[in-house]
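Trainee: Could we go through this model together? I'd like to start with the cysteines and then move on to the DNA.

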2 protein chains.
Amino acid sequence: MMFKNLEEIKNFLRRKGLQPSFQRVKILEFLDIHRTHPTADEIFKSLVRTVPTISKATVYNTLRSFVEKGIIQELTIEENELRYDINTQPHAHFKCRVCGKIYDLPLEDCESLLLKGTGFRVEKIDVYLKGICPICAKKGKIN
Amino acid sequence: MMFKNLEEIKNFLRRKGLQPSFQRVKILEFLDIHRTHPTADEIFKSLVRTVPTISKATVYNTLRSFVEKGIIQELTIEENELRYDINTQPHAHFKCRVCGKIYDLPLEDCESLLLKGTGFRVEKIDVYLKGICPICAKKGKIN
DNA sequence: GTATCTGCAAAACATTTGCAATTCT
DNA sequence: AGAATTGCAAATGTTTTGCAGATAC
């Protein structure tokens, strides 16, 4: 866990330029506690039990603002659902097609991709890089 | 290009267990010629000009059946759209945030991930592995 | 008091499905 | 003929948006 208490979450959000509303604090707390890469709907369904007035739109909008601020990252590991990860450090994700669990794995070196000796049976690899291509970089459109 | 003519595409589809309907042949031909990782909508919009009767549902369903047969692969590089790639060999994809182009890159070794000396500026890395985790493998539920 | 944020409902999309008509073998 | 495929329209599911009311600074 990244945060010790709600006050830490509030200060964190303030530092990121976001008002620490009750809903935002609870969503971020949820992501800090449940590091299972949940979907927006899973977050909503879980939070609505303790925060009955929360709406789905707020969950979606909040998650988007967290992504924009670099607080969390979106995972597109499955085509029909977005998942969210409070760990924004580069690391790989392994989804088991039997139990459905998504594991975090180190990305240090090539060996980790092949997962020699770890018992993970890799059937499919997707590597998506984003940034600026050599042509656009040379055109100096950006820095 | 993988195919020399339409006859080759037809035979290929037959070998994969799919009837070589005109629509399927044209969709596969399009993916073979336009290796730009198009979306279903881009394929539809382009094909409907020469095949006016083609429907979007057919494009979607055909792409799905191609994926199931292992003829093409789905890319979830962007959250709001599925893209398709006729190259099913494992390789990385680099999307430029300026021009939007998606490049194919080799995945051989770690160096390619960091793209030293290639001029690609990597700002974000997503590595998604799918398969069977050690727990499910040990339970012997599958082989 | 003014900005920002929330909840609701509706809208916007992409994708899937049911089914009758068509096409292939 | 019989099986598979298509096109249409409707359904589905996820995410976004408009706006009035509520909340925070």
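Trainee: How many disulfides are there over all chains?

Mentor: Keep in mind that this is a predicted model. To count, two cysteine sulfurs have to sit within 2.5 Å of each other. For Cys96(A), the nearest cysteine sulfur, on Cys99(A), is 3.7 Å away, and for Cys136(A) the nearest, on Cys99(B), is also 3.7 Å away. Over all chains, the count is 0.

Trainee: Is Cys136(A) buried or exposed?

Mentor: Under 20% relative accessible area is the cut-off for buried. Cys136(A) has 2%, so that residue is buried.

Trainee: Which residues touch the most other members of the largest nonpolar core?

Mentor: That core has 26 residues, and strand E3 (92-96) and helix H6 (134-138) of both chains are among the elements giving two or more of them. As for contacts across chains, Cys133(B) touches Phe94(A), Cys96(A) and Tyr103(A), among others. The residues with the most fellow members in touch are Phe94(A), Cys133(A), Phe94(B) and Cys133(B).

Trainee: On to the DNA: which element gives the most residues to the surface near DNA strand C?

Mentor: Helices H2 (22-33) and H4 (56-68) of chain A and H4 (56-68) of chain B each supply at least two. With 4 residues, the top contributor is H4(B).

Trainee: How far is the polar side-chain atom of Ser21(A) from a phosphate oxygen of DNA strand C?

Mentor: Sugar or phosphate accounts for 83% of the strand C atoms within 4 Å of the protein. Arg24(A) has a side-chain N or O atom 2.8 Å from a phosphate oxygen. For Ser21(A), the distance is 2.5 Å.

Note on methods. Residues numbered from 1 in each chain as written. Chains lettered and ligands numbered in written order. Predicted model: local features only at pLDDT ≥ 70, side-chain atom pairs only at ≥ 80, totals over all residues. Heavy atoms only, no water. Core = buried A, V, L, I, M, F, W, Y, C linked by side-chain atoms within 4.5 Å. Buried < 20%, exposed > 50% of the residue type's maximum accessible area, 1.4 Å probe, protein only. Contact = heavy atoms within 4.5 Å. Near = heavy atom within 4 Å. Polar contact = N/O pair within 3.5 Å; in protein donor to acceptor, adjacent residues only side chain to side chain. Lists of a residue's contacts leave out its neighbours within four places in sequence.
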